[in-house]
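Q: I'd like a close look at one part of this fold, and then how that part sits in the rest. Please walk me through it in plain bench talk.

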Amino acid sequence: MEIARSMRVVAREEVARDVVALGLESVDGSRMPPWAPGAHIELAGPDGLRRQYSLCGEPVGDRWQVAVLRANQGRGGSQWVHESLVPGATVEVRGPRNHFELVEAEEYLLVAGGIGITPILAMARVLAARGASWQVAYGGRSRATMAFVDELAAIAGERLTLWPEEEAGLIDLAAVLGEPRAGRAIYVCGPEPLIAAVEQAAQGRGETVHSERFSATVDRAGDAFEVQIASTGQVVTVPAGGDLIDALQEAGVGVEFSCREGTCGTCETGVLGGVPEHRDAVLSEEERAANDVMMPCVSRCLEGPLVLDL
């Protein structure tokens, strides 16, 4: 089971309209483990609330940094962060986890929309330090709502293209993508329409697209199916329209989970038999095709019974 750390808010700064950046340090003063760009941590709030936020500071050091957008129409996590996580407050933290890792590539294109800049900023910092070939495009509603613009500009220089919507409209993906460049890795994080547009525009170009979504389209419709627990042989039935994670919990089979939306990767479970129906927003197409892991919080079964490595 993943270690939970008690951390203290030691810095807080408003880095854009409705966006606060928090600096977190271990309560016991221990040095934090290093992390790689694309990693996120989970903050535990009251009444079982758990939310995941991308790390955006320096990958090595005694402090972790996240930036959180207040989502007034959200589920309460961002309001809790904005209202309660002030300097001196303590919070339980798990992670880091990473499902958005930088792969080796000949060159990189980074595309960020809104608060999606958080993992992209960390990637830009590392790529610049490596002397890699890279470009970054960053869009938002307005300059006032776009966090870390000055910091990103200092890192990227002429590699950066800014697209404040109120000044220039939506990101011109045709211009940003340019001619197809085999061997280029494209990383995109932001609202679902932006990610979907980048994925569609990049089809058939010989480039790889890596994305991180803030939410998945959770579809729980489906027929009943069975799963078998490899360690005990126990068979668990998931009813039509029911959640696999709930069925496992009710059967006394413990699986750690958090978001229940297929976005955080906490519940990732090995698959030893059968074919899952993947409905998460974490696994890549290659990982889905391998069918050796699944996210039971949202995913179901195509060919069963599923044999789970539990």
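A: Let's start with strand β2, residues 19-26, which pairs with β5 in the antiparallel sense over 6 bridges. Within that pairing, A21 sits opposite A67 of β5. Keep in mind that this is a predicted model, where local features need pLDDT of at least 70 and side-chain atom pairs count only at pLDDT 80 or more, while totals for chains, interfaces and linings use all residues. Numbering runs from 1 along each chain as its sequence is written, and side-chain values use heavy atoms, with hydrogens and water left out.

A word on terms: strands (E, at least two residues) and helices (H or I, at least four) are DSSP runs numbered from the N terminus, and two strands pair if DSSP finds at least two bridges between them.

Zoom out a bit, and β2 and β5 belong to an open sheet of 6 strands, ordered β4-β3-β6-β1-β2-β5 with antiparallel pairing. β4 (50-54) and β5 (64-69) are the edge strands, and each has a single partner, so one side of each has no neighbour in the sheet. From one strand to the next, the twist averages 40 degrees.

Helix α1, residues 77-84, lies across β1 (4-16), β2, β3 (39-44), β4, β5 and β6 (90-98), and runs at about 115 degrees to β5. Such angles go from 0 to 180 degrees between N-to-C directions, using lines fitted to C-alpha atoms, for helices over the stretch in contact; contact means heavy atoms within 4.5 Å.

β2 also turns up in the largest nonpolar core, so let's go there. This core has 32 residues, and L110, I120, W134, Y138, F148 and Y187 have the most contacts inside it. (A nonpolar core is a set of buried Ala, Val, Leu, Ile, Met, Phe, Trp, Tyr and Cys residues joined through side-chain atoms within 4.5 Å; buried means under 20% relative accessible area, with a 1.4 Å probe and protein chains only.) Among the elements giving two or more residues to the core are β1, β2, β7 (107-113) and α2 (117-130), and α2 gives the most, with 6 residues. Take L110: leaving aside neighbours within four places in sequence, its contacts include I120, M123, L127, W134 and Y187.

As for the whole protein, there are 8 helices and 16 strands. Buried residues make up 49% of the 310 residues.

Note on methods
Buried < 20%, exposed > 50% of the residue type's maximum accessible area, 1.4 Å probe, protein only.
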